[in-house]
Amino acid sequence: MIENKKILLIYNASQVLTLRGGLQRGWKLGKLGIIPNGAVAVEGETILAVGDSQSLLANYPDAEKLDAVQQVVMPGFVDPHTHLIWAGDRAAEFTMRLQGKTYMEILAAGGGILSTVNATRAASVEELLHQTRQRALTSFYHGTTTAEVKTGYGLTFDSEMDQLKAILALDIEGPLQLVPTFLAAHAVPPEFKHNPQAYVDLICNEMLPELAQWWKNNQPQNSLPFVDVFCEDGAFDLAQSRQILEKARKLGFPLKIHADEFKNLGGAALAAELGAASADHLVKTSSADIRALGQSDTVAVSLPGTPFGLDEDEFTPAKDILDAGGILALATDINPGTSWCESMQFILALACRKIGLTPAQAIAAATINAAAALNLANQVGSLEPGKQADLLILNVDDYQHLGYRFGINLVSKVIKRGRVYPV
Ligand code: NIG
Ligand code: FE
């Protein structure tokens with residue numbers, strides 16, 4: 001029996017931001033494709049039509065109607081870089097940092113990421129799910145409809161797989177859609193302190209092949225997860241990052257990298273060379289590496305919550321990346337160490353002040369370009385017929401309030417796969 005899916009018509013929006021036309025490279029960033037007095041027709045989980053209210057009301061007279069009453073309608077935010085899944089608490093490290101210790105000093109002393117590794121390894125699956133679910137919901141009700149989530153707080157194959165399975169379980173639970181990334185190369189675990197290369201070899205020779213096999217047996221219908229590396233002094237050097245990413249690529253995994261958060265090691269150029277989906281952080285990136293990124297399809301993901309969270313003064317050189325023709329995106333980097341922020345709205349506010357974007361540019365970087373960083377630009381990130389019906393209704397009548405205002409939630413409704421969630 002063919003079931004007639006019901007149509008939902010969201011109409012009367014002061015502005016529908018369509019973000020139509022695909023990812024936005026270089027200074028093309030910021031094309032919102034605005035429809036004044038706009039409407040969006042949704043059938044089941046999919047966008048059916050986008051246009052002005054008058055035409056869509058005429059075309060779909062029997063639709064269930066949702067009056068957006070002079071509010072902005074836009075695509076849900078895509079958050080393409082998160083460490084949403086962890087257990088434990090590092091609030092005391094914030095005080096230590098305010099008193100002068102650096103992030104990498106705390107890590108070198110066995111704290112930082114390694115402290116979260118201990119807590120996460122010790123947590124029950126239920127506890128890990130419970131803590132992560134709360135953050136996922138906060139993120140969702142602040143407007144994020146799709147988020148990438150990295151493992152990286154287990155650092156053994158089994159505990160990394162436990163995190164990966166928890167991410168997959170939370171994705172099925174919803175409403176926030178989650179895209180998994182395998183980040184066993186997040187830190188050198190204490191067991192390998194005196195022989196980090198042995199850990200790199202373990203990732204390459206055992207973990208990645210076993211992950212590929214597990215995926216084939218258990219998730220054949222889903223595309224492979226991303227593989228990521230923290231390429232940094234004190235974590236994994238450029239040669240080790242290359243070894244891991246080349247092996248991952250050979251096994252068919254799409255790639256990501258943490259590059260130039262504290263030091264320029266060449267990770268961004270490596271990402272461009274290997275065809276990674278994204279290179280993320282990009283604070284200390286050299287001009288040569290920016291050029292390499294600009295000439296590639298690798299998305300440059302800026303995480304302004306991280307220098308802000310660390311109270312540092314240097315941010316992503318976004319204008320240089322745009323000058324070079326790069327594809328710029330934004331993400332929260334939510335994690336317990338450097339940036340505990342679930343809200344893409346706050347990231348937009350930082351991007352407008354700290355990396356020089358306009359609200360329009362920040363919105364494009366947080367939707368269509370962020371979707372491109374997850375290889376999902378054909379499914380989410382814009383309001384176009386055939387795409388997934390992931391929308392926000394904001395309680396403002398002009399998009400420029402995004403980025404301008406901060407510290408509060410401007411989302412009044414989240415619509416995920418056609419389902420309406422009032423905030
Ligand atoms: O992206 N830099 C590495 N990873 C995270 C921090 C993780 C943590 O401190 O727990 C980041 O900033
Ligand atoms: Fe990160």
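Helices, as the term is used here, are DSSP runs of H or I with at least four residues, numbered from the N terminus. Ser-159 lies in one such element, helix α6, and the model in which it is placed is a predicted one. Because its relative accessible area is 14%, and buried means under 20%, Ser-159 counts as buried. Leaving aside residues up to four places away in sequence, Ser-159 touches Arg-121 and Gly-154.

**Around Leu-176 and Arg-135**

Leu-176 is found in the loop between α6 (157-173) and β8 (177-185), and its relative accessibility of 4% places it among the buried residues. The C-alpha atom of Leu-176 is separated by 5.4 Å from that of Thr-145, although the two residues are 31 residues apart along the chain. Beyond residues up to four places away in sequence, the contacts of Leu-176 include Leu-84, Ala-136, Ser-139, Phe-140 and Leu-170.

Leu-84 also appears among the contacts of Arg-135, a residue of helix α5 (residues 125-141). Which side chain of opposite charge is nearest to Arg-135, which is buried yet has no salt bridge? That side chain belongs to Glu-342, and it is 5.6 Å away; a salt bridge requires the nitrogen to be within 4 Å of a carboxyl oxygen. The side chain of Arg-135 does, however, reach two backbone oxygens, that of Leu-84 at 3.0 Å and that of Trp-86 at 2.7 Å. Other residues touched by Arg-135 include Ile-85, Ile-334 and Trp-340.

**The surroundings of ligand 1**

Ligand 1 is surrounded by 16 residues, of which the closest are Arg-90, Tyr-103, Tyr-153, His-186 and Glu-261. Polar side-chain atoms of several histidines also approach oxygen atoms of ligand 1: the distance is 3.3 Å for His-83, 3.3 Å for His-258 and 2.9 Å for His-281. On its own the ligand has 320 Å² of accessible area, and the protein covers 100% of it.

**Helix α9 and its packing**

Helix α9 (residues 267-274) is mostly covered, since six of its eight residues are buried, namely Gly-267, Ala-268, Leu-270, Ala-271, Ala-272 and Leu-274. These buried residues pack against β9 (226-231), α8 (238-250), β10 (256-259), β11 (278-281) and α10 (287-294). The helix is followed by Gly-275, whose phi is positive, near 70 degrees.

**Salt bridges**

The structure holds 13 salt bridges, and the table gives some of them with their N to O distances.

| Pair | N to O distance |
|---|---|
| Arg-90 and Glu-93 | 3.0 Å |
| Glu-273 and Arg-242 | 2.8 Å |
| Asp-390 and Lys-416 | 2.6 Å |

Arg-90, listed above among the residues closest to ligand 1, is buried, as is its partner Glu-93. The salt bridge between Glu-273 and Arg-242 links distant parts of the chain, with Glu-273 in helix α9 and Arg-242 in helix α8, 31 residues apart. Glu-273 counts as partly exposed because its relative accessibility is 48%, and Arg-242, at 29%, is likewise partly exposed.

The salt bridge between Asp-390 and Lys-416 also links distant parts of the chain, 26 residues apart, with Asp-390 in the loop between α15 (368-372) and β14 (391-394) and Lys-416 in strand β15 (residues 411-416). Both Asp-390 and Lys-416 are buried. Elsewhere, Glu-148, Lys-150 and Asp-228 are linked in a network of salt bridges.

Key
Residues numbered from 1 in each chain as written. Chains lettered and ligands numbered in written order. Predicted model: local features only at pLDDT ≥ 70, side-chain atom pairs only at ≥ 80, totals over all residues. Heavy atoms only, no water. Helix = DSSP H or I, 4+ residues; strand = E, 2+ residues; numbered from the N terminus. Buried < 20%, exposed > 50% of the residue type's maximum accessible area, 1.4 Å probe, protein only. Lys, Arg positive; Asp, Glu negative; His and termini not counted. Polar contact = N/O pair within 3.5 Å; in protein donor to acceptor, adjacent residues only side chain to side chain. Contact = heavy atoms within 4.5 Å. Near = heavy atom within 4 Å. Areas by Shrake-Rupley, 256 points an atom, 1.4 Å probe, with all protein chains shown as cover.
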